[in-house]
Amino acid sequence: MSTVDRRFGVAEGLAVKAPCRVATTAAITLSGLQTIDAIALAEGDPVLVKNQGGAAAHVDNGPYLASSGAWQRRVDFDSTRDAVQGTRIAVIEGSTNANTEWWVSTVNPFVIGTDAIAFEQTGWSVALADALQFTVGAGYMTINYNGIPFLKVVDDGGGAFHFGIPSEL
């Protein structure tokens, strides 16, 4: 069982951060508003910087807030207790990285701003979650995947629920 000390930000071995609008596809300058992964950034947009070159530059990897001046790390990733190996960040937009999730693959312990931090893409995709649709009617709910019903839950009216393939219920 994980324990969480709210004073320090993460549970042992797990942290899920707020999503970023985009993720880098190459090393960037950490200042000024720019276009990343075909998306023109606005002031305050969250960006997952994951491609700073060389071991020394990987120190700069992590989520930042875009700015017309110097970029700042997000406050949820700017001190030692904010991330651990396995920390996950979803990316929402971009021509290459839209609907992807990334995890910190650097082995614990590491110090943000001092040690190189590497990110690797998970096998999970936000697109899978987007493909699910729910239809709710009187006494039933159907779960569809890309428009195809694959699970139906029916209330028998007596407090019991039945579930199965939609054509059988």
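Q: In this predicted model, what makes the charged end of Lys50 count as sitting over the ring of Trp102?
A: The charged end of Lys50 is 4.3 Å from the centre of the Trp102 ring. The distance cut-off is 6 Å, so the value of 4.3 Å falls within it.

Q: Which residue stands opposite Trp102 in E8, and how do you know that E7 and E8 pair?
A: Ile89 stands opposite Trp102. Four bridges join E7 to E8, and the strands run antiparallel. Pairing requires at least two bridges, so four are sufficient.

Q: What makes strand E8 mostly covered?
A: Of the five residues in E8 (residues 100-104), four are buried.

Q: Why is Glu101 called buried, and why is Arg88 called partly exposed?
A: Glu101 has a relative accessible area of 12%. Buried means under 20%, so Glu101 meets the criterion. Arg88 stands at 30% relative accessibility; this lies between 20% and 50%, so Arg88 is partly exposed.

Q: How do you know that Arg88 forms a salt bridge with Glu101?
A: The closest N and O atoms of Arg88 and Glu101 are 3.2 Å apart. The limit is 4 Å, so the pair qualifies. This pair links distant parts of the chain, with Arg88 in strand E7 and Glu101 in strand E8, 13 residues apart.

Q: How many salt bridges does the structure hold, and what makes Arg21 and Glu93 one of these pairs?
A: The structure holds four salt bridges. In the pair of Arg21 and Glu93, the closest N and O atoms are 3.2 Å apart, which is within 4 Å and therefore counts as a salt bridge. Arg21 lies in the segment before strand E1 (22-23) and Glu93 in the loop between E7 and E8, 72 residues apart. Salt bridges that share partners join Arg21, Asp45 and Glu93 into one network.

Q: Why is the aromatic pair of Phe77 and Phe119 called tilted?
A: The planes of Phe77 and Phe119 are 35 degrees apart. Stacked pairs are under 30 degrees and edge-to-face pairs over 60, so this pair is tilted. The rings lie 6.2 Å centre to centre, which is within the 6.5 Å limit, so they count as a pair.

Q: Why does the pair of Phe77 and Phe119 tie together parts that are apart in sequence?
A: Phe77 lies in the loop between strand E6 (72-73) and strand E7 (88-91), and Phe119 lies in strand E9 (residues 119-125), so the pair joins parts that are 42 residues apart.

Q: Are Phe77 and Phe119 buried or exposed?
A: Phe77 has a relative accessible area of 0% and Phe119 stands at 9%. Both values are under 20%, so both residues are buried.

Key. Residues are numbered from 1 along each chain as its sequence is written. This is a predicted model: local features need pLDDT of at least 70, side-chain atom pairs count only at pLDDT 80 or more; totals for chains, interfaces and linings use all residues. Side-chain values use heavy atoms; hydrogens and water are left out. Rings of Phe, Tyr and Trp (its six-membered ring) pair if their centres lie within 6.5 Å; planes under 30 degrees apart count as stacked, over 60 as edge-to-face and the rest as tilted. Buried means under 20% relative accessible area, exposed over 50%, partly exposed in between (1.4 Å probe, protein chains only). A charge sits over a ring if NZ of Lys or CZ of Arg is within 6 Å of the ring centre and within 35 degrees of the ring normal. A salt bridge is a side-chain nitrogen of Lys or Arg within 4 Å of a carboxyl oxygen of Asp or Glu.
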